[in-house]
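Work through the exercises below with the sequence and the coordinates side by side. Each task is followed by a solution that goes step by step.

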Amino acid sequence: MYPDLQLYIDGRFHGVEGRRYQEVRDPATGDVLGRLPWAERADIEEAIQAAHRAFQQWRQVSPLERSDILRRAATLARERAQAMAPAITMDNGKPLADAVAEIINAAEHLDWHAEEGRRLYGRVVGARHPEVRQLVVREPVGVCAAISPWNFPFGQAMKKVAAAMAAGCTVVLKGPSESPAAIVLMAQLFHDAGVPAGVFNIVSGVSSEISQHLIESPLVRNISFTGSVPVGSKLAAQAALHMKRMSMELGGHAPVLVFDDAEVEPAARLLARLKTRNAGQVCVSPSRFYVQKGIYARFVTAFAEALLQIKVGPGHEPGVQMGPLIHGRRFEAVQGLIDDALAQGSELVTGGARLGQRGHFYAPTLITGVPPSARVMQEEPFGPIAAVTPFSQAEEAIAMANALPLGLASYVFTQSLDTAHRVSRDLQAGMVNINHSGMAHPELPFGGIGESGFGSEGGVEGFESFLVTKMISQITHVPA
């Protein structure tokens, strides 16, 4: 069920023989699943050179033909979803149903970008002289370096790859070392779909070594990164030195505003599901809960009951809704945030402890009365922690929501159109969800503002960093 972990360079797979490697472990048990080969400097350079050679042909392939290839990959992803999902569950920890859903969503991104890539039109601009023709065309930027995270190892990588390849770019992808199976399965998917050699390449290993080599290479023209703010800031500074195009989807700390007129129990149940999705290890996970005083006690009770109903366990077991944290370091970070909040006077309503003796399982946790100075209100928790604070007026809630420099996702629950309009206008977030969660569809932009990054991984906006604009002004003869 778990694949052999390999590099994929210029249409060929390469195993661990003769290379450094690391052991990959199941976060639910601690058992070793496989050995992930580390790319040496020569491997990274070979991948870049292969992508550069392939770009000279791939950019000339018609958008229709590129679309057909990507659609074949989407079809294969759907056909293989049930077979691929267990490997994602094994090294990532998420429930099997969530792993299947991640693959299906990635297939939607392939389909959508395959079709939208056929409509990356230029335009004709009216000239000032009757014999002059003025054109504006969009062309692929070149070799793209993509660095994707471990929390959605298949889906997050596919958002980058689908847009880049549909635009006519080639890709060197550095996937996550913590949950690498998805990237190897993706390489096999593209290989079988007929993606030409060199168009898609994967390397793995020491992140800093790989990213530095990719950024410094004059052949790499775009950097797309999803991850933490500190790492993203460092990569952005390095890329700027080399004048590289960038798109960055960085951390979030999503505020939730629940108003007195909200449908309390349905909102609490939905938020409990969103909070525990992927054990809270989601960049758009609701984290800072601001609840109006009129319904505060009722919401806390309903939310605690909903969290207690979440079934936690190994992702392959039937009915499991939340798996383990990815590794011990994440477990320790979550515990540290809770200990800090409790030391500052917060109240533990439910959770706050390890579950079981094996793996990195942590109970869904609700804390109330959390002061703004608590670390959990300042740092992205990336775990199943919900911190709830009351508010009186909308202005107060908006001010608290906007208090951090992060601005990725946000959530609003109200039955008032006036409140919904006002709050969605004033929230400083790249994505605002009102009475539901409506993100991650391929036709919608996905990105943040402030320290949460720039650029998009969805919608037509997602093509921007992979395209350059060229102006052509032509006259049929040299004027006298």
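Helices (H or I, at least four residues) and strands (E, at least two) are DSSP runs, numbered from the N terminus. The model is a predicted one, in which local features need pLDDT of at least 70 and side-chain atom pairs count only at pLDDT 80 or more, whereas totals for chains, interfaces and linings use all residues. Residues are numbered from 1 along each chain as its sequence is written, and side-chain values use heavy atoms, with hydrogens and water left out.

**Exercise 1.** Determine where Ser208 lies, and decide whether Ser208 counts as buried, partly exposed or exposed.

Solution. Ser208 is part of helix α6. The classes are set by relative accessible area, computed with a 1.4 Å probe on protein chains only: buried means under 20%, exposed over 50%, and partly exposed in between. With a relative accessibility of 43%, Ser208 therefore counts as partly exposed. As for its distance to Glu305, the two residues are 97 apart in sequence and 43 Å apart in space, taken from C-alpha to C-alpha.

**Exercise 2.** List the buried residues of helix α6, and state what covers them.

Solution. In α6, which spans residues 207-216, the buried residues are Ile210, Ser211, His213, Leu214 and Ile215. Their cover, judged by contact (heavy atoms within 4.5 Å), includes the helices α1 (41-58) and α7 (229-241), together with the strands β7 (143-147), β8 (170-174), β9 (200-203) and β10 (220-226).

**Exercise 3.** Describe how helices α3 and α4 are packed against each other, and name the residues that make the contact.

Solution. Begin with the axes, which are lines fitted to C-alpha atoms, for helices over the stretch in contact, with angles running from 0 to 180 degrees between N-to-C directions. Those of α3 (residues 96-116) and α4 (residues 155-167) come within 9 Å and cross at roughly 10°. Because angles under 35 degrees count as roughly parallel, over 145 as roughly antiparallel, 65 to 115 as roughly perpendicular and the rest as oblique, α3 is roughly parallel to α4. From α3 the contact draws on Glu102, Ala106, His109, Leu110 and His113, and from α4 on Gly155, Met158, Lys159, Ala162, Ala163 and Ala166.

Next, consider α4 by itself. All of its residues, 13 of 13, are buried, so α4 is largely enclosed by the rest of the structure. The residue that follows α4 is Gly168, with a positive phi near 100°.

Finally, look at Glu102, which belongs to α3 and is buried, with a relative accessible area of 5%. Apart from neighbours within four places in sequence, Glu102 is in contact with Lys94, Phe152, Pro153, Phe154 and Gly155.

**Exercise 4.** Find where Asp10 and Asn278 are placed, and give the phi of Asp10 and of Asn278.

Solution. Most residues other than glycine have a negative phi. Asp10 sits in the loop between β1 (7-9) and β2 (12-14), and its phi is positive, near 55°; at 19% relative accessibility, Asp10 counts as buried. Asn278 is found in the loop between α8 (264-276) and β13 (286-292), and has a positive phi near 55°. Asn278 is buried as well, with a relative accessible area of 5%.

**Exercise 5.** Establish which residues Ser410 touches, not counting residues up to four places away in sequence.

Solution. Ser410 lies in strand β18 (residues 409-413) and, at 1% relative accessibility, counts as buried. The residues touched by Ser410 are Ala254, Pro255, Leu427, Ala429, Met431, Val432 and Asn433, with those up to four places away in sequence not counted.
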